[in-house]
Amino acid sequence: MAGGGGAERAGVAVAAAGLLAPARRQPRRRECRERLSVCSKLCYAVGGAPYQTTGCALGFFLQIYLLDVAQLDPFYASIILFVGRAWDAITDPLVGFFISKTPWTRFGRLMPWIIFSTPFAVISYFLIWFVPDISRGQVLWYLVFYCLFQTLVTCFHVPYSALTMFISREQSERDSATAYRMTVEVLGTVVGTAIQGQIVGKVVTPCIQSPLFVSESNASASMGDVNMTHYSGSLTDMRNAYMVAAGVIGGLYILCAVILSVGVREKRESSELQSDEPVSFFRGLKLVMNHGAYIKLITGFLFTSLAFMLLEGNFALFCTYTLGFRNEFQNILLVIMLSATLTIPFWQWFLTRYGKKTAVYAGIAPAIPFLILVVTLPRNLVVTYIVAVAAGISVAATFLLPWSMLPDVVDDFKLQHPESRGHEAIFFSFYVFFTKFTSGVSLGISTLSLDFAGYQTRGCSQPNEVNITLKMLVSAAPVGLILLGLLLFSLYPINEEKRMENKKALQDLREESNSSSESDNTELPSVV
């Protein structure tokens, strides 16, 4: 018995040594892992493409698709756009809540959401671009599948956004990964615009020269029948083109999700989660909403993002009817996205060299004169392309800066509330919530305003009131929103000096935590 007891104690000591020895070496291994490889950054960045590719296609083309291809009344189209975006906004904090309650698994806390939502999101996305052969219920069809897709893509994007805080503890590495991500996301908008625009653009857009032709005399009835037959054939080709584009984009969605799930490891220690105990969502929400830096940041970006969303949602109609570039608008959209993609690296260098707050003013403000120029000068295709390039430069800054600055706010929150952990998803989900909800309101109001102005579905031209309304939606309203957003940014408290202070304070806390855990690991073997 004595020998057995000695053997047992020896076995426990060996097991303890085997488990605790790695723990003593843990800080050194963490230091080695602080730098993310280029491959890891690329795999992480690719995960941002599905949301932007589908979002760009929906943002630029859904309104004109519902009006001129599905042939819905502008009033019902406005309901679909508003309810879909509003529902999308509501799902963001809900998904953030459920993520905060999700236990840690061997795949991580966030990755299972990304993996399991992907196939259902692709199916619902395809059905948005399908015109059902039913006389009634089309509005319900698009409303259901648009809301369903928004729910599923939220289950992908909210955990993906929060994943920024789980890939590294180093602020510089997170900023670098964010730059990779923003480049790929803007490239995703280029791909979405190119696929949707070029496939759909190859089909001649059917339109009716005059909505009154159906009231002409019987002498011209045969010609009207011929025109309607040609119109129906062109409309069928257009509907098929939209479905082909949806299938291609859906395939890319799946491919990017696979690369993300295989190439990125969600690191539990990166967020310093010490246990699987569920965090208090409502307590965390109250703390987050009382954090002044967060509120000032999201309100500033709320107005600037809303400005570019208004431009995005109405630009296709503006190019088609107000400028008369019916066969060029998809190329103009592509130039905007290419310009944004090419300037992302420049803005990453700029914010590193001159600071993020300075980059906000330098990146967003220059869009104002060009937005005014496009509606004041006579219609000119060259001027329109110049404005597209300038708009793309500002779009790049609007894409990059919020996601680069939100981690700074989270770090500031951690310093002020070191005892409160696991609220990263709340920060990201509520930023997206406010942005999407206001964009839903703006799209609903803009489509309703077109209805009130007398928008003619399937028309080759529009009344002058509609053209004036489109000018307001792509110029006057965005300019006002940008100015208001820049004014709010002046109140944002985290400048470069404050950011560096927070970075140093967090490093000191981590070193203190590591030294404390190393001391505990040294004492425990002697107790065993």
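In this predicted model, Lys 357, Val 360, Tyr 361 and Ile 364 of helix H12 meet Ile 482, Leu 486 and Phe 489 of helix H16. Sorted by character, the residues of this contact comprise 6 nonpolar, no polar and 1 charged. Helix H12 spans residues 356–364, and its axis lies 11 Å from that of H16, at an angle of about 165°. Since an angle over 145 degrees counts as roughly antiparallel, H12 and H16 are therefore roughly antiparallel to each other. Their crossing is left-handed.

Helix H16 itself covers residues 464–489, and Ser 475 lies within this helix. Is Ser 475 buried or exposed? The relative accessibility of Ser 475 is 5%, so Ser 475 counts as buried, the limit for that class being under 20%. Leaving aside residues up to four places away in sequence, Ser 475 touches Leu 371, Ile 372 and Val 375.

A second helix pair is formed by H5, residues 111–128, and H6, residues 138–162. These two helices pack with their axes 8 Å apart and at an angle of about 155°, and H5 and H6 are therefore roughly antiparallel to each other. H5 passes H6 in a left-handed crossing. On the H5 side, the contact is made by Trp 113, Ile 114, Ser 117, Thr 118, Phe 120, Ala 121, Ser 124, Tyr 125, Leu 127 and Ile 128. On the H6 side, the residues taking part include Trp 141, Tyr 142, Phe 145, Tyr 146, Phe 149, Phe 156 and Tyr 160. The residues of this contact divide into 19 nonpolar, 3 polar and no charged.

The pairing of H3 with H10 has another geometry. How do the axes of H3 and H10 cross? The axes of H3, residues 49–68, and H10 come within 7 Å and cross at roughly 55°; H3 and H10 are therefore oblique to each other. H3 passes H10 in a right-handed crossing. From H3, the contact draws on Cys 56, Gly 59, Phe 60, Gln 63, Ile 64, Leu 67 and Asp 68. From H10, Glu 312, Gly 313, Asn 314, Ala 316, Leu 317, Thr 320 and Tyr 321 take part. By character, the residues of the contact between H3 and H10 are 7 nonpolar, 5 polar and 2 charged.

The next topic is the nonpolar interior. Which residues have the most contacts inside the largest nonpolar core? They are Leu 62, Tyr 65, Leu 66, Trp 129, Leu 163, Tyr 242 and Tyr 294, in a core of 143 residues. Helix H10, residues 292–322, supplies the largest share of this core, with 16 residues. A second, separate core has 5 residues, among them Ala 45, Ala 49, Val 184 and Cys 256. Leu 62, one of the residues with the most contacts inside the largest core, touches Ala 57, Leu 81, Ile 128, Trp 129 and Tyr 146 when residues up to four places away in sequence are not counted. Two of these partners also belong to the contact described above between H5 and H6: Ile 128 on H5 and Tyr 146 on H6.

The chain as a whole completes the account. The protein chain contains 17 helices and 0 strands. Of its 528 residues, 54% are buried. Among contacts between residues at least 6 apart in sequence, 87% join residues at least 24 apart.

Terms used
Residues are numbered from 1 along each chain as its sequence is written. This is a predicted model: local features need pLDDT of at least 70, side-chain atom pairs count only at pLDDT 80 or more; totals for chains, interfaces and linings use all residues. Side-chain values use heavy atoms; hydrogens and water are left out. Axes are lines fitted to C-alpha atoms, for helices over the stretch in contact, and angles run from 0 to 180 degrees between N-to-C directions. Helices (H or I, at least four residues) and strands (E, at least two) are DSSP runs, numbered from the N terminus. Angles under 35 degrees count as roughly parallel, over 145 as roughly antiparallel, 65 to 115 as roughly perpendicular and the rest as oblique. A crossing is left-handed if the near helix is turned anticlockwise from the far one by less than a right angle, and right-handed if clockwise. Contact means heavy atoms within 4.5 Å. Ala, Val, Leu, Ile, Met, Phe, Trp, Tyr, Cys and Pro count as nonpolar, Asp, Glu, Lys and Arg as charged, and the others, Gly among them, as polar. A nonpolar core is a set of buried Ala, Val, Leu, Ile, Met, Phe, Trp, Tyr and Cys residues joined through side-chain atoms within 4.5 Å. Buried means under 20% relative accessible area, exposed over 50%, partly exposed in between (1.4 Å probe, protein chains only).
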